[in-house]
Amino acid sequence: MVVGQLADAYADLDLGAFDLGFFEDGVQVRRSLAACWDVSFERAAPVRPFRRPKGGKSFAGWYFCATTGEHIGYESWLERDRLILLDADLQVTGVGSQPFWLHWHDGQRRRRHAPDYFVRLMDGRGRVVDVRAADRVDEAAAEAFASTERACRAVDWEFVRAGVPDPVLMANMRWLSRYRRRRCLRQDVADRLVEAFSEPRPLRLGAAGAGDPLMVLPVLFHLLWSGVLVTDVASRLLGSDSMVHTARGR
């Protein structure tokens, strides 16, 4: 058997090894992975409530996603941070929180796992995201993630186990996320900023050339969030001297 045929055979085996439980028209259903891989899970209702453990360090809540215009649930600050990064990703068009139960048998007992997020990408691909810091991945979690990755591979979804993001990147993205809503956009100011940053220049200098900073800065941060303007958010904290320019190709 050639390599491609062998891979197809394993994919077929995995398709038969998993079921998904999810809400359809308000009713929870359970179907084989092969029968429901094309469901729009980015729009699915969560399959379980968001937990708020007593005395724990986790904090559940709802995040308003500018990409979808809807609130999406999370169960920890780490999950909330991942939502911010997904919301800012220009390749992401949809996000669903805990969209299904993945059911399988591990050879000894029945197992199930609800991934944290299902993401729809601009090119139509699906991505399943589990959020867990590396030092909190115990044996049971590692097995659940490995099984989830197998299921994703069988239907050509991506699988990502997302850990703790870089602290500088995350500090910048938390700040910019405050300006993610469309109400921060004034088109006349935005046009002046795009012109001001047609060539790289320091943030404060370009903003000052576009008008009153109290009016201009919220628009500037919105344009940075939405990718119209670009600066280095990965290696240093945003500041007055951050070099800003328009996104290439715009």
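1. Let's start with helix 5 and helix 8, whose axes lie 9 Å apart and which pack at an angle of about 120°. That angle makes helix 5 oblique to helix 8. Keep in mind as you read on that this is a predicted model. As for handedness, helix 5 passes helix 8 in a left-handed crossing.

2. Who touches whom here? From helix 5 come Met173, Trp175, Leu176 and Ser177, and they meet Phe221, Leu224 and Trp225 of helix 8. Sorted by class, this contact has six nonpolar residues, one polar and no charged ones.

3. Helix 5 also packs against helix 3. Helix 3 covers residues 77-88 and helix 5 covers residues 167-177; the angle between them is about 70°, with the axes 10 Å apart. Why call the pair roughly perpendicular? Angles of 65 to 115 degrees count as roughly perpendicular, so helix 3 is roughly perpendicular to helix 5. This is a left-handed crossing as well, with helix 3 passing helix 5.

4. On the helix 3 side of that contact you'll find Arg80, Asp81, Ile84, Leu85 and Ala88, and they meet Leu169, Met170, Met173, Arg174 and Ser177 of helix 5. The mix is six nonpolar, one polar and three charged residues. Met173 and Ser177 are worth a look on screen: they are among the helix 5 residues that meet helix 3, and they are also among those that meet helix 8.

5. Now for helix 8 and its other partner, helix 6. The axes of these two come within 9 Å and cross at roughly 70°. Helix 6 and helix 8 are therefore roughly perpendicular to each other. Helix 6 brings Val189, Ala190 and Leu193 to the contact, where they meet Met215, Val216, Val219, Leu220 and Leu223 of helix 8. Which classes show up here? The contact has eight nonpolar residues, no polar and no charged.

6. On to the pockets. The largest one holds about 760 Å³ of space. It has 28 lining residues, and those nearest its centre are Arg51, Glu79, Val131, Arg132 and Arg136. Helix 3, strand 7 (110-113), strand 9 (126-131) and helix 4 (139-154) are the elements that give two or more residues to this lining. By class, the lining splits into twelve nonpolar, four polar and twelve charged residues.

7. What is the volume of the second largest pocket? About 320 Å³. It is lined by 21 residues, with Arg180, Arg182, His222, Trp225 and Ser226 closest to the centre. At least two lining residues each come from helix 3, strand 5 (92-97), helix 6 (187-196) and helix 8 (213-226). The lining has ten nonpolar, five polar and six charged residues. Trp225 ties this point back to the start, as one of the helix 8 residues that meet helix 5.

8. One last spot to check is Val29, in strand 2 (residues 27-32). Which residues does Val29 contact once neighbours within four places in sequence are set aside? They are Leu20, Gly21, Phe22 and Glu24. Val29 and Arg125, by contrast, sit 96 residues apart in sequence and 23 Å apart in space, C-alpha to C-alpha.

Note on methods. Residues numbered from 1 in each chain as written. Predicted model: local features only at pLDDT ≥ 70, side-chain atom pairs only at ≥ 80, totals over all residues. Heavy atoms only, no water. Axes fitted to C-alpha atoms, helices over the stretch in contact; angles between N-to-C directions. Helix = DSSP H or I, 4+ residues; strand = E, 2+ residues; numbered from the N terminus. Parallel < 35°, antiparallel > 145°, perpendicular 65-115°, else oblique. Left-handed = near helix turned anticlockwise from the far one by under 90°. Contact = heavy atoms within 4.5 Å. Nonpolar A, V, L, I, M, F, W, Y, C, P; charged D, E, K, R; others polar. 1 Å grid on protein atoms, 1.4 Å probe; cavity = no way out; pocket = protein on both sides within 12 Å on 5 of 7 lines; lining within 4 Å. Points joined across faces, edges and corners; volume = space filled by probe spheres on them.
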